[in-house]
Amino acid sequence: MSADNTPFIQEWLNNTPEYNPGEDYSLFEKVFSLPRNAPSILSQVGSTPLLKLGKMSSSLDNVKIYAKAEWFNPGGSVKDRAALAMILDALNSGHLDGGKRILDATSGNTGIGYAWIGASLGIGVTLCVPKNASPERIKMLKAFGVDLILTDPLEGTDGAILHAKELAETDPDKYHYLDQYSNPMNPMAHYLTTGPEILRDTQKTVTHFVACLGTSGTFVGITKRLRKELPSFRAVAVQPDGPFHGIEGVKHMESALVPGIYDPDLVDETIFVSTQEAQKMTLRLAKEEGILVGVSSGAAVAASIKLAEKIEEGIIVTILPDRGERYLTDSFWR
Ligand SMILES: Cc1ncc(COP(=O)(O)O)c(C=O)c1O
């Protein structure tokens, strides 16, 4: 481990000598349950508010829709949870010894997670990002000191993934490839934190969980945790309605490289949402609920409403992955 890790992390690792990467997750439970006033910004990851979308569900008699406001994480998105879990696991397994840099492919939010956590812990970060990622995100990554490799926009995130893989193979002494698409700590972060928060905040009354699929870490981790506690709850995956779409961070599985962590057996139902539906709902969330979020949040809520209109009763929980400021240069905002 590099010498300039914060004393907080050093102390934390020293106090858990029995920790065995891949088997014992008490380390992550500890950091994610740190009190808010702990002397590190890392203590601010997780424990996000569960908001009731009152106006959106006001015409629905016996169905309520709640949403996790994931932009309350320090890096402004749901991906802080996975980034923190993957980095801590790499640190603790010695994969970052000798000043190795973190390397991954990301369309933005995971990269921002790696970037601020890397800066906070003194770990170098190199990211492969499609050139068409939003300019706000690219500037933010640069602000945290990330070494950016911009890849062909026509190849999307899949092109960035192939580039990162190649780089990791070419220079294994320089980089540790975190590979968020196959890293079990990505869904594990949600199994250990987001899932239990949903169970706690709904007093285990949640009947349906709805989430978009990117790496699928959020969907897989939360679904596994909720299913363990509530065997009859239903998990609904949200996908764009075609391969060419404008819902950033989200994959159309049939036409994409399927992430290694994805488990289609966990999906009870898939709801497809068009870019236009997602954008329309994003605007409605701002105007009617006072919630300014990104387009994947609009897609998740549009799917939640489609689901709500089909079921007789229930408590739906969905995820709002990030806030809208990141996308304000998109032309659909009027
Ligand atoms: C804006 C946004 N929404 C949704 C997702 C999907 O999350 P996951 O990768 O956990 O499936 C991502 C992932 O990066 C994202 O950036």
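In what order do the six strands of the open sheet lie? The order is 1-2-10-7-8-9, and the pairing within this open sheet is mixed. Here helices (H or I, at least four residues) and strands (E, at least two) are DSSP runs, numbered from the N terminus, and two strands pair if DSSP finds at least two bridges between them. The structure is a predicted model, in which local features need pLDDT of at least 70, side-chain atom pairs count only at pLDDT 80 or more, and totals for chains, interfaces and linings use all residues. Residues are numbered from 1 along each chain as its sequence is written.

The edges of the sheet are strand 1 (50-52) and strand 9 (269-273), each of which pairs on one side only. On average, neighbouring strands of the sheet are turned by 25° against each other, direction ignored; axes are lines fitted to C-alpha atoms, for helices over the stretch in contact, and angles run from 0 to 180 degrees between N-to-C directions.

Moving through the pairings, strand 2 (residues 63-69) runs parallel to strand 10 and is joined to it by seven bridges, with Y66 opposite V317 of strand 10. Strand 10 also pairs with strand 7, again in the parallel sense, over three bridges; in this pairing V210 has T318 of strand 10 as its bridge partner. At the strand 9 edge, five bridges join that strand to strand 8 (residues 234-240), and the two run parallel. Within strands 8 and 9, V238 stands opposite I271.

Helix 8 (residues 217-229) packs on the sheet, where it touches strand 7 (208-212), strand 8 and strand 10 (314-320). Contact here means that the C-beta atoms of two residues, placed from the backbone, lie within 7 Å. The direction of helix 8 makes about 165° with that of strand 7. Strand 10 is itself mostly covered, with five of its seven residues buried; a residue is buried if 20 or more other C-beta atoms lie within 10 Å of its own, exposed if 12 or fewer, and partly exposed in between.

Helix 8 turns up again at the ligand, where it gives the largest share of the surrounding shell, three residues. Helix 4 (109-121), like helix 8, supplies at least two residues of that shell. In total, 19 residues surround the ligand, and the closest are G214, T215, T218, G249 and S296; a residue is near a molecule or strand if its C-beta atom, placed from the backbone, lies within 6 Å of it. By character, the shell divides into five nonpolar, 11 polar and three charged residues, where Ala, Val, Leu, Ile, Met, Phe, Trp, Tyr, Cys and Pro count as nonpolar, Asp, Glu, Lys and Arg as charged, and the others, Gly among them, as polar.

Further pairings involve strand 3 (residues 101-105), which is mostly covered: four of its five residues are buried. Strand 3 pairs with strand 6 (residues 175-177) in the parallel sense over three bridges, and L103 has Y177 of strand 6 as its bridge partner. Strand 3 also runs parallel to strand 4 (residues 125-130), to which four bridges join it; there, D104 is partnered with L127.

Finally, the axes of helix 3 (residues 79-92) and helix 7 (residues 185-201) come within 8 Å and cross at roughly 115°. The residues making this contact include L84 and M86 of helix 3 and M188 and H190 of helix 7. Across the contact of helix 3 with helix 7, seven residues are nonpolar, four polar and two charged.
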